[in-house]
Amino acid sequence: MDVGMTIGGRVTRGAATLPVENPAWAKEFARAPAASAQDVDRAVDAAVAAFPGWSALSFAERAQLLRDCRTLLHRHVDELARLLTLEQGKPLADARGEATLAADWFGHTAALALPSEDLVNEPGALVSMEHVPYGAVAAVAPSNFPLILAVTKVAPALLAGNTVVLKPSEVTPLASLRMTELLGEVLPAGVCNSLCGGPATGAALTEHPEIGLVSFTGSVPAGRAIARSAADNFKRVVLELGGNDACLVLPGADVTAIAPRIFAAAMVNNGQFCAAIKRIYVPAPDADQLTSALADLAAAARLGDGLLTGTEYGPLVSRAQLDRATALVAEARAAGARVFPGSRTPDLPGHFLTPTVVTGLPRGTRLEAEEQFAPVLPVFAYDTVEEAVSRANGTEFGLGGSVWGDEEHAVSVATGLDCGTVWINTHGALRAEAPFGGYRSSGMGTEYGYWGLLEYARIKVRNIARP
C-alpha cells in the first residue's frame with residue numbers, strides 16, 4: 001500500500017518503514033514510512049519556507065482554498081474510509097461518516113471569520129486589533145478518529161494563516177497520510193506537510209524551535225511532556241487529553257426509555273471516544289433496572305470486521321488497549337463487582353472485546369477514576385444527587401458530563417458539574433459551531449468554531465497617534 005509522507009509538496013516513502021496492523025485480524029497488512037530526524041527538519045523547514053506566501057494571501061483567498069479542499073476530499077471519501085477501517089477497525093459506514101465529516105469540516109472552517117477591530121477611534125488616537133498567525137504549527141492527531149481529529153487542527157490553523165506539519169498516530173497513519181497527499185493537489189507546496197513515526201518523531205516535531213504552536217490530542221502523560229517542553233520558550237499549546245465523562249441519571253427519569261441512548265453514547269467508536277459516557281450514576285432504586293437494560297443491549301451487540309456488512313462494533317485499535325481494558329474488568333471483578341455479559345472476548349482473531357456493563361463496584365476503583373477508552377461501562381448507585389455530583393467531579397478529568405431527567409431539574413444539577421461541556425438528556429453531541437475543551441487533566445485550550453480558530457492566531461494591536 002503505497003502511501004507516503006508529504007514534505008514540501010513532494011511525497012516520500014522515507015528510508016525506513018513501520019508496520020501497520022489491521023486490528024480486526026491482529027496482523028500487519030501494510031507498511032508506513034518512518035520519519036528520520038532529517039525528515040522532521042525538512043518538513044518544518046518546508047512549512048517555514050511556505051509561511052510568508054501563505055500568510056500573505058487574503059483571508060478570503062485562504063477560505064476559498066479550504067473550500068477547494070472540501071470538494072477534493074469528497075471525491076475520495078470511499079478510498080479514505082476503506083483505509084480507515086483497515087487500520088483503525090471501525091465499521092465501514094462509520095469510517096465513511098468520519099471521512100465525510102473531515103471533508104465538510106474544511107467547509108465549516110472556511111465559513112468562519114477573524115475580523116480586525118477598531119478599539120479606539122478618536123481625534124488623538126486610532127487603536128486597532130488584528131489576529132496574526134504563529135507560523136509553522138505542529139498538529140499531532142490520535143488513533144481513534146484519525147481523519148476528523150487531524151482536520152479540526154489543520155483547517156483552522158491554515159485559515160488563520162499558519163502552515164502545518166501533521167503527525168498522525170503511528171498506529172493509524174495511512175488515511176491521514178493519504179489525505180495530506182490529496183490536499184497537495186489544492187494547497188501550495190509546503191503549506192500542509194505530514195510525517196509518520198512514533199514518540200521520538202512526535203517529540204522532535206513538537207520540540208522543534210521553528211514550531212510556533214503545538215496542537216495535540218492524546219494521552220495525559222504525553223500532553224504533560226509537550227507542555228513542559230513548550231514552557232522552555234513559552235511555545236503556545238492546545239491540548240485535548242481525553243476525559244472520564246460522567247452520566248447522571250436523576251430520580252424520576254424513565255431508565256428503560258433512556259437506556260438505549262445512554263448505551264449508544266457510551267459505545268461510540270467502541271468506547272474509543274474522549275467524549276463518550278465513561279461512567280453512570282443512577283439512583284439506587286433504579287440501578288438494577290438500568291443495569292439490566294444496558295446488559296441486554298451489550299449482549300445483543302454484533303462485533304466483527306468493519307468491512308463486513310452487519311458489523312456494529314469493530315475491534316479495539318491495538319492489543320495494548322485490549323489488554324488494559326480486560327485488566328480493568330478483572331480488577332473490578334476481583335473487587336466484588338458483577339460483570340455483564342461476562343466481558344468475554346469473542347471467537348474472533350483481532351482485538352475484540354464484547355461491550356461490558358459492570359456494577360457493584362466499591363468507590364474509588366480504577367474503573368471509576370480512570371478513562372477506560374473501551375466498551376466497558378461501570379454503573380454506580382447513589383443515594384443523593386449531591387453525592388452523584390461529588391463523585392462525578394471526583395476525578396482528575398473535566399471534559400464533559402451529562403444529566404438525564406426532567407429538564408428543569410437537570411439544568412439546575414448541571415451547574416454543579418466541573419467540566420467543559422454539559423449535555424442535558426444527550427451526551428457527546430459535538431457541533432462545528434460550538435467550542436469544545438476541558439478542565440484540569442482534560443487539557444487546555446479550545447477546539448471547534450470561532451473560539452477554536454482563535455487558538456491559532458495571536459492578537460496584534462496597532463496604536464496610531466494623531467496630532
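Start by selecting Phe436, which sits in the loop between β19 (421-424) and β20 (439-440). Keep in mind as you click around that this is a predicted model.

**Stop 1: Phe436**

Is Phe436 buried or exposed? Its relative accessible area is 2%, so Phe436 counts as buried, the cut-off being under 20%. Now show what surrounds it. Setting aside residues up to four places away in sequence, Phe436 touches Glu240, Cys274, Ala275, Leu399, Thr421, Trp423, Leu430, Gly445, Thr446, Glu447 and Tyr448. For a long view, add Arg13: that residue is 423 residues away from Phe436 along the chain, and their C-alpha atoms are separated by 35 Å.

**Stop 2: Thr152**

Leave Glu447 and Tyr448 on screen, as both are in the list of residues touched by Phe436 and both are touched by Thr152 too. Select Thr152 next; you'll find it in helix α5 (residues 146-159). Which residues does Thr152 touch, not counting those up to four places away in sequence? They are Trp105, Glu447, Tyr448 and Tyr456. Thr152 has 4% relative accessibility and therefore counts as buried. Zoom in on its side chain: a polar atom there lies 3.4 Å from the backbone oxygen of Leu149.

**Stop 3: helices α3 and α4**

Now color residues 77-88, which make up helix α3, and residues 92-110, which make up helix α4. How do these two helices pack? The angle is about 125 degrees, with the axes 8 Å apart. That makes α3 and α4 oblique to each other, because an angle of this kind falls outside the parallel, antiparallel and perpendicular ranges. The crossing of α3 past α4 is right-handed.

To see the contact itself, show side chains on both helices. From α3, pick Val77, Asp78, Leu80, Ala81, Arg82, Leu84 and Thr85; they meet Leu92, Ala95, Arg96, Glu98, Ala99 and Thr100 of α4. Sorted by type, the residues of this contact are seven nonpolar, two polar and four charged.

**Stop 4: Leu18**

Last pick: Leu18, in strand β3 (residues 16-22). With 24% relative accessibility, Leu18 counts as partly exposed. Bring up Ala34 as well. How far apart are Leu18 and Ala34 in space? Their C-alpha atoms are 5.8 Å apart, with the two positions 16 residues apart in numbering terms. Ala34 is also one of the contacts of Leu18. Beyond its neighbours within four places in sequence, Leu18 is in contact with Ala30, Arg31, Ala32, Pro33, Ala34, Glu170, Cys196 and Gly197.

How values were computed:
Residues are numbered from 1 along each chain as its sequence is written. This is a predicted model: local features need pLDDT of at least 70, side-chain atom pairs count only at pLDDT 80 or more; totals for chains, interfaces and linings use all residues. Side-chain values use heavy atoms; hydrogens and water are left out. Axes are lines fitted to C-alpha atoms, for helices over the stretch in contact, and angles run from 0 to 180 degrees between N-to-C directions. Helices (H or I, at least four residues) and strands (E, at least two) are DSSP runs, numbered from the N terminus. Angles under 35 degrees count as roughly parallel, over 145 as roughly antiparallel, 65 to 115 as roughly perpendicular and the rest as oblique. A crossing is left-handed if the near helix is turned anticlockwise from the far one by less than a right angle, and right-handed if clockwise. Contact means heavy atoms within 4.5 Å. Ala, Val, Leu, Ile, Met, Phe, Trp, Tyr, Cys and Pro count as nonpolar, Asp, Glu, Lys and Arg as charged, and the others, Gly among them, as polar. Buried means under 20% relative accessible area, exposed over 50%, partly exposed in between (1.4 Å probe, protein chains only). A polar contact is a pair of N or O atoms within 3.5 Å; within protein, one must be able to donate a hydrogen and the other to accept it, and residues adjacent in sequence count only if both atoms are side-chain atoms.
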